[in-house]
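Trainee: I would like to learn how to read a model like this one with care, beginning with burial and then moving on to confidence, overall form and single residues. Could we take the features in turn, with the general idea ahead of each case?

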Amino acid sequence: MLLAGNALAQPRPKYGPLAMPLSRETNVSYFKTNAAHDYWALSPYYLPQISGRSCSAANIAMVLNAARSKQPLTSDDKLVTTDSLIREYAPERYKKSMLGTFDRSAVSNEYMAEVIRVAAEKLGIKTDTSLIEVKNIDMKELQASKEHFYKALKENERTSSDFMIVSFIQGRITGDPEDGAHVATVGAYDERTQKVLLFDPDREYYEPYWTTRDALFDAVSDKKSDAKNPGWIYFKAH
């Protein structure tokens, strides 16, 4: 334990003030008054990352399982795991990055979107290029980008067939001192309270948590959140 002057350094709270853990029954009214399409589609497939740099793989595996859940599956069809996504479905040139064998900063939304396209085709998920899109934030038109982001959250809430994966600075919300780029999937959006539920794959430290849409946009629009351009991924299955 580190010393702070003559006293023992006090550990920080588990969550920062902008993260509201689901287990504390935060925002219970949302589940009483909304269909919660994304929550019920994603929660059965919520996966942990298998290394400190495999958050992208965990999110992609989760949404692929959710997208495939309405298709007729047989007893031979396995669920996608973080490991099987990397080893069986991802493009060969991305496997090292998804296994975390080089810096997370090399990962981008464009890279994740391509992994989704390739894996979806291998899994027989019906989609097309226009339904797997990277939505970049225009740093010169930040207010317009913010309004676009909020509209996307609202539209994403309407059905269980589309999903939003966001690249963001985790520490902006959780208080994580490493403050690094991270990836999570939107599990719900409560327009009334303007709160967003994130399925964060960092299960060693966190559970699903709510945050405000303003806080999430700030964390997503940080220039360090993506190797190329800050933004998010939109994925919809037919």
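Mentor: Let us begin with burial: a residue is called buried when its relative accessible area is under 20%, and exposed when that area is over 50%. Please also keep in mind throughout that this is a predicted model.

Trainee: With that cut-off in hand, is Tyr-15 buried or exposed?

Mentor: Tyr-15 has 10% relative accessibility and therefore counts as buried, although its place is in the loop between strand E2 (7–8) and E3. Leaving aside neighbours within four places in sequence, Tyr-15 is in contact with Pro-21, Arg-24, Thr-174, Tyr-205, Tyr-206, Glu-207 and Tyr-209. For a distance across the fold, the C-alpha atoms of Tyr-15 and Ala-120 are separated by 34 Å, with these positions 105 residues apart along the chain.

Trainee: Before going further into single residues, how should I read the confidence, and what is the mean pLDDT of the protein?

Mentor: The general idea is that where pLDDT is low, the predicted coordinates should not be read in detail. Here the mean pLDDT is 89, and 91% of the residues reach 70 or more. Among the elements, strand E1 (residues 3–4) has the lowest mean pLDDT, at 44, while strand E7 (residues 195–199) has the highest, at 98. Over residues 1–6 the pLDDT stays under 50, and the model has seven contacts beyond four places in sequence for this stretch. Residues 101–105 also have pLDDT below 50, and twelve contacts beyond near neighbours in sequence are found for them in the model.

Trainee: How many helices and strands does the protein have, and how would you describe its overall form?

Mentor: The protein has nine helices and nine strands. Its radius of gyration is 18 Å, close to the 18 Å that the globule rule gives for 238 residues, so the protein is as compact as a globular protein of that length. Along the principal axes, the C-alpha trace spans about 60 × 45 × 40 Å. Buried residues make up 51% of the 238 residues, and, among contacts between residues at least 6 apart in sequence, 69% join residues at least 24 apart.

Trainee: What can be said about the surface and the charges?

Mentor: The protein exposes about 11900 Å², of which carbon and sulfur atoms supply 50%. There are 31 positive and 32 negative side chains, and the centres of the two sets lie 0 Å apart.

Trainee: Returning to single residues, which residues does Leu-22 touch?

Mentor: Leu-22 has its place in the loop between strand E3 (20–21) and helix H1 (28–33). Not counting residues up to four places away in sequence, Leu-22 touches Phe-31, Tyr-39, Leu-197, Glu-207, Pro-208, Tyr-209 and Trp-210. Glu-207 and Tyr-209 are also among the residues in contact with Tyr-15. Between Leu-22 and Val-186, which are 164 residues apart along the chain, the C-alpha separation is 13 Å.

Trainee: Backbone angles interest me as well; what is the phi of Asn-27, and what is that of Ala-36?

Mentor: Asn-27 is not a glycine, yet its phi is positive, at about 60°. Asn-27 is found in the loop between E3 and H1, and it is buried, with a relative accessible area of 14%. Ala-36, likewise not a glycine, has a positive phi of about 55°. Ala-36 lies in the loop between H1 and helix H2 (37–42) and, at 1% relative accessibility, counts as buried.

Trainee: To finish, are Ala-57 and Pro-44 buried or exposed?

Mentor: Ala-57, found in helix H3 (residues 55–68), counts as buried at 0% relative accessibility. The C-alpha atoms of Ala-57 and Lys-95 are separated by 9.7 Å, although the two residues are 38 residues apart along the chain. Pro-44 lies in the loop between H2 and H3 and is exposed, because its relative accessible area is 56%. From Pro-44 to Ala-66, 22 residues apart in sequence, the C-alpha to C-alpha distance is 8.1 Å.

Conventions. Residues are numbered from 1 along each chain as its sequence is written. This is a predicted model: local features need pLDDT of at least 70, side-chain atom pairs count only at pLDDT 80 or more; totals for chains, interfaces and linings use all residues. Side-chain values use heavy atoms; hydrogens and water are left out. pLDDT is the predictor's confidence in each residue, from 0 to 100. Helices (H or I, at least four residues) and strands (E, at least two) are DSSP runs, numbered from the N terminus. Contact means heavy atoms within 4.5 Å. The radius of gyration is taken over C-alpha atoms; the globule rule is 2.2 Å times the number of residues to the power 0.38. Buried means under 20% relative accessible area, exposed over 50%, partly exposed in between (1.4 Å probe, protein chains only). Accessible areas come from the Shrake-Rupley method with a 1.4 Å probe; for residues, only the protein chains shown count as cover. Lys and Arg count as positive and Asp and Glu as negative; His and the chain ends are not counted. The place of a charge is taken as NZ of Lys, CZ of Arg, CG of Asp or CD of Glu.
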